[in-house]
Structure formats: structure tokens, C-alpha cells
Amino acid sequence: MNEFQAAVEELAADIDQRIAGTRAAYQAVGAIEATAQSADGMISVTVGPQGRLHDIRLHPRAYRHLSPSELAGAIMEQAARATADVAEQRRRLIAPLMPAELPYDEVFGQGVTLDAFLPPPVDGDA
């Protein structure tokens, strides 16, 4: 086997390995789930990928100890905590696959715009 063929085979193996890693990460992202529970244990919220609610569990005492607005706020708080956990799990899986010149937060972070994916404007004066 000549050097060129060996280099091509090594490159092909590296590409295959990266594709397999990307597929595995994609499957793992689809299975992410997080549960947040209030300190008193009365409210538990489970969130799946992309922040979808999977489950809300309320202890019967929650209805007696919290007003409707307090209960709603407590549920929202736990949902936010679980959603943040899901986002962190997703970041840990995807960030290592991102090119160095395109950091994870520029693509998936808060306030992301289309600019992260587009080249800078062409300067017509150059």
C-alpha cells in the first residue's frame, strides 16, 4: 500500500468515526430527560428534549398549602430548572462535535441569530 492510499484510508476511517459519534450524540440528545423537584418534595416536573413537559407530579398536600398562583409559580420554577438541566446535557453532548470556529453558544445559545451561520458582508470597496 502506498502512502497516498494509506492517508486516504486513514482519513476515511476518521470520517466514519466522526459520523458514528455524531449519530450516537444525536440519539442521546433525543433521549435527554431531566426531573426537578421542589425542596419540600411537593412538586416534581420532568422535561424531555427541547423542553417538552413529560410529567408533573403534585403531592396532595400541595393543593392545601399553596394558593393556585403559588402552585403555578412553583410548577414553572421546577419546569425551568429541569429545562436548564436538559439544555446543559444537550450542550455537553453537542459542543465537542462543533467546529472550533463555530462555538456551541453561537449556534444554540440565547439570543442566537442567523448571523452565526452566515459569512460577514462582502466589502464592495476592496
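Partly exposed, the label several stops on this tour will carry, applies to a relative accessible area between the two cut-offs: buried is under 20% and exposed is over 50%. Arg92, with a relative accessible area of 49%, is therefore partly exposed. Keep in mind as you click along that this is a predicted model.

**Stop 1: the sheet**

Start by selecting residues 34–37, which form strand β1, then add β2 at residues 43–47 and β3 at residues 53–58. You are looking at an open sheet of 3 strands in the order β1-β2-β3, paired antiparallel. Its edges are β1 and β3, each of which pairs on one side only. On average, neighbouring strands here are turned by 10° against each other, direction ignored.

**Stop 2: the middle strand**

Now keep only β2 selected and colour by accessibility. Is this strand covered or open? Strand β2 is mostly covered, with 5 of its 5 residues buried. Show the side chains and look at one side, where you will find Ile43, Val45 and Val47. Turn the view to the other side for Ser44 and Thr46, which are buried as well. As a rule, side chains in a regular strand alternate between the two faces of the sheet.

**Stop 3: from β1 into β2**

Bring β1 back into view. The two strands run antiparallel and are joined by 4 bridges. To trace the ladder, select Ala34 and look across to its bridge partner in β2, Val47. Then select Gln37, whose bridge partner in β2 is Ser44. Follow the chain round the hairpin next: there are 5 residues between β1 and β2, and Gly41 takes a positive phi near 75°.

**Stop 4: from β2 into β3**

Stay with β2, but look at its other neighbour. β2 pairs with β3 in the antiparallel sense, over 5 bridges. A good pair to label is Val45 with its bridge partner in β3, Ile56. You have already seen Val45 among the buried residues of β2. This hairpin also has 5 residues between the strands, and the one to click is Gln50, with a positive phi near 60°.

**Stop 5: the helix across the sheet**

Select residues 68–94, helix α3, and show them together with the sheet. The helix lies across β1, β2 and β3, and runs at about 35° to β2.

**Stop 6: two helices side by side**

Add residues 3–30, helix α1. How do the axes of α1 and α3 cross? They come within 10 Å and cross at roughly 175°. That makes α1 roughly antiparallel to α3, because angles over 145 degrees count as such.

To see the contact, show Ala25, Ala28 and Val29 in α1 against Arg90, Leu93 and Ile94 in α3. The residues of this contact divide into 5 nonpolar, no polar and 1 charged.

**Stop 7: salt bridges**

The structure holds 4 salt bridges, and three stops' worth of clicking will take you through some of them.

Begin in α1 with Asp14 and Arg18, which form a salt bridge whose closest N and O atoms are 3.0 Å apart. Both residues lie in the helix, 4 residues apart, or about one turn. With the surface switched on, compare the two ends: Asp14 counts as partly exposed at 30% relative accessibility, while Arg18 counts as exposed at 57%.

Then move to α3 and centre on Glu88. Its salt bridge with Arg91 has the closest N and O atoms 2.7 Å apart; the two residues are 3 residues apart in the helix, about one turn. Glu88 also meets Arg92 in a salt bridge, at 3.7 Å from N to O. Being 4 residues apart in α3, Glu88 and Arg92 are separated by about one helical turn.

Select the three residues together to finish: Glu88, Arg91 and Arg92 are linked in a network of salt bridges. Which exposure label does Glu88 carry? Glu88 is partly exposed, with a relative accessible area of 29%. Arg91 counts as partly exposed at 31%, and Arg92, where the tour began, is partly exposed at 49%.

Note on methods:
Residues are numbered from 1 along each chain as its sequence is written. This is a predicted model: local features need pLDDT of at least 70, side-chain atom pairs count only at pLDDT 80 or more; totals for chains, interfaces and linings use all residues. Side-chain values use heavy atoms; hydrogens and water are left out. Buried means under 20% relative accessible area, exposed over 50%, partly exposed in between (1.4 Å probe, protein chains only). Two strands pair if DSSP finds at least two bridges between them. A salt bridge is a side-chain nitrogen of Lys or Arg within 4 Å of a carboxyl oxygen of Asp or Glu. Axes are lines fitted to C-alpha atoms, for helices over the stretch in contact, and angles run from 0 to 180 degrees between N-to-C directions. Contact means heavy atoms within 4.5 Å. Angles under 35 degrees count as roughly parallel, over 145 as roughly antiparallel, 65 to 115 as roughly perpendicular and the rest as oblique. Ala, Val, Leu, Ile, Met, Phe, Trp, Tyr, Cys and Pro count as nonpolar, Asp, Glu, Lys and Arg as charged, and the others, Gly among them, as polar.
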